[in-house]
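Colleague: Could you pull up the model and go through its charged side-chain pairs with me?

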Amino acid sequence: MAEPIQRNKVEFWAATTIYVFSLFSLSIDYSPNEFYFQNTNLVFHYYEHFFWPQLVRFTVVYLAFLLLNFKVAPKLIHRESVWLNVLLVLAAFVAVGVVTGITDTYYKGYLITKYDYVQEFWNYTFQSSFQNTLRLLLVFGFYTFIKYFGLYLLSNSVAIQSKYRMVTQDLITAFMVWLVSVFILVVFDVGEEITAVWTIVSLCAILLYFFSFYSLIPKSLAAKRPLLSYELRVLLVLVLSYLPAALLLLPMLHDEDAAFGISFFNALFQLVITAPATWMLYQRQQKGKEEVYVLKKELGRSAANLDFLRSQINPHFLFNALNTLYGTALQENSERTAQGIQMLGDMMRFMLHENHQQKILLAREIEYMRNYIDLQLLRTSASPEIVIETNIEEVLDQKYIAPMLLIPFVENAFKHGISLKQKSWIRISLHCDQNKLYFDVYNSTHKKLENDPEKDKSGVGLKNVKQRLELLYPEKYELIIRETPEEYFVHLTIEL
């Protein structure tokens with residue numbers, strides 16, 4: 001409701017709905033003024049004396065409301081083109097007064113028999129028309145004041161609710177919707193009884209709903225039979241409100257019996273309809289809160305698990321890199337050692353700053369993977385029996401990926417696919433097609449010695465990356481791993 005576009009939609013469709021229902025009521029072949037024509041011995045024509053006058057009246061009032069509510073009033077509130085909009089208000093007042101005055105000469109044509117001159121009848125009709133138009137304008141002014149006052153309350157609802165727990169944003173919104181509906185019923189003059197019933201029943205339903213949510217139901221939950229306790233509390237509230245509701249209806253109906261009758265209907269309606277519905281909605285909300293709590297708890301576990309997996313992976317890569325630098329230093333080549341240290345610095349910077357983000361640029365992940373491969377090449381380039389082939393496309397688009405998803409497969413290939421004593425090879429390819437990433441890693445495999453401590457270990461990296469894929473890309477990835485005595489193959493597809 002605080003958003004202008006949404007508020008305007010609510011008001012427009014509320015007014016349009018009432019307008020359409022008013023037009024629909026004209027299709028019923030019944031006219032309340034036919035009786036008066038018959039009593040004065042005047043010929044009554046349904047379309048001439050009822051349908052067309054009311055159709056024109058409803059349409060003009062509807063259009064005037066749209067003009068004043070959506071064009072004139074907002075500019076006057078913001079003090080934009082004040083004099084022009086004041087003139088538009090006066091023009092709308094005169095237009096509605098004149099049009100309804102003309103239609104009343106037909107709709108109330110039976111009154112002509114009370115006057116000696118036709119001019120006197122016209123004077124009375126137009127005077128009554130402008131009085132009613134002025135009343136509608138005052139009602140519209142009151143509605144506009146309440147609406148913008150309600151918007152002010154909505155914008156400060158958090159501060160207000162901190163002092164008054166029941167005065168929530170939903171309550172203010174519901175009150176504004178109620179006010180709009182009552183205003184439109186008054187404007188279209190659908191009848192005193194209909195307006196009175198809707199006004200008191202809907203207002204009491206709103207108040208009972210929020211009072212039950214924040215007071216009656218919570219206090220009843222401690223009882224042995226909470227539903228019965230709640231219904232008894234509601235019954236007590238309705239008994240106490242019966243007389244005040246009737247007194248509020250008296251000025252609207254001017255009929256004591258009708259006022260007390262509608263007040264009794266209101267109490268029965270709230271007890272049978274509103275109270276049980278509120279209880280069901282409260283129970284559903286509590287169930288929803290429990291589900292949200294469970295989901296948050298599970299989400300917290302997943303986040304903690306993800307952080308734990310990352311903490312396992314990072315040291316793993318760090319020690320691998322240090323071992324590579326150690327082997328390079330043994331070859332007594334300071335230039336290559338310096339190059340390896342620079343690569344290691346870039347990798348450690350990546351792990352410290354970007355590895356802890358939820359998503360990073362795919363280009364940064366690829367850059368980290370290239371540094372890792374280049375670092376490994378320092379160790380293997382001196383051996384002609386080791387072949388490393390890469391076909392990694394450059395990614396220029398702003399594509400994002402969870403960090404450290406690709407490198408474990410590369411690390412695994414170098415860990416298990418390279419032997420300084422046997423012929424070894426690794427092939428790595430990566431390319432993107434629209435929003436999909438295709439990543440393949442092939443490597444040779446070698447039979448491990450019986451005394452190799454890594455013989456029966458599959459490695460922390462691959463196990464963790466599978467869990468991370470399931471957490472971060474559920475139903476958005478495909479991971480295929482095949483292993484033969486000579487080859488190990490990984491194919492990964494991710495929908496970014």
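Modeller: Here is a short walk through the salt bridges, bearing in mind that this is a predicted model.

Colleague: How many salt bridges does the count come to?

Modeller: The count comes to three salt bridges.

Colleague: OK, which side chain does arginine 57 meet in a salt bridge?

Modeller: Arginine 57 meets the side chain of aspartate 104, with an N to O distance of 2.2 Å. The pair links distant parts of the chain, since arginine 57 sits in helix H3 (residues 46-77) and aspartate 104 in helix H4 (residues 82-107), 47 residues apart.

Colleague: And are arginine 57 and aspartate 104 buried or exposed?

Modeller: Both arginine 57 and aspartate 104 are buried.

Colleague: Switching to helix H12, where do glutamate 367 and arginine 364 lie?

Modeller: Both are in helix H12 (residues 362-380), three residues apart, which is about one turn of the helix. They form a salt bridge whose closest N and O atoms are 2.6 Å apart. Glutamate 367 is partly exposed at 39% relative accessibility, and arginine 364 is partly exposed as well, with a relative accessible area of 24%.

Colleague: What about arginine 370, which side chain does that one meet?

Modeller: Arginine 370 forms a salt bridge with glutamate 394, at 3.3 Å from N to O. Arginine 370 belongs to helix H12, whereas glutamate 394 is in the loop between strand S2 (386-392) and strand S3 (400-401), so this pair ties together parts that are 24 residues apart in sequence.

Colleague: Why does glutamate 394 count as exposed?

Modeller: Glutamate 394 has 60% relative accessibility, so it counts as exposed, the cut-off being over 50%. Arginine 370, at 27%, counts as partly exposed.

Definitions and conventions: Residues numbered from 1 in each chain as written. Predicted model: local features only at pLDDT ≥ 70, side-chain atom pairs only at ≥ 80, totals over all residues. Heavy atoms only, no water. Salt bridge = Lys/Arg side-chain N within 4 Å of Asp/Glu carboxyl O. Helix = DSSP H or I, 4+ residues; strand = E, 2+ residues; numbered from the N terminus. Buried < 20%, exposed > 50% of the residue type's maximum accessible area, 1.4 Å probe, protein only.
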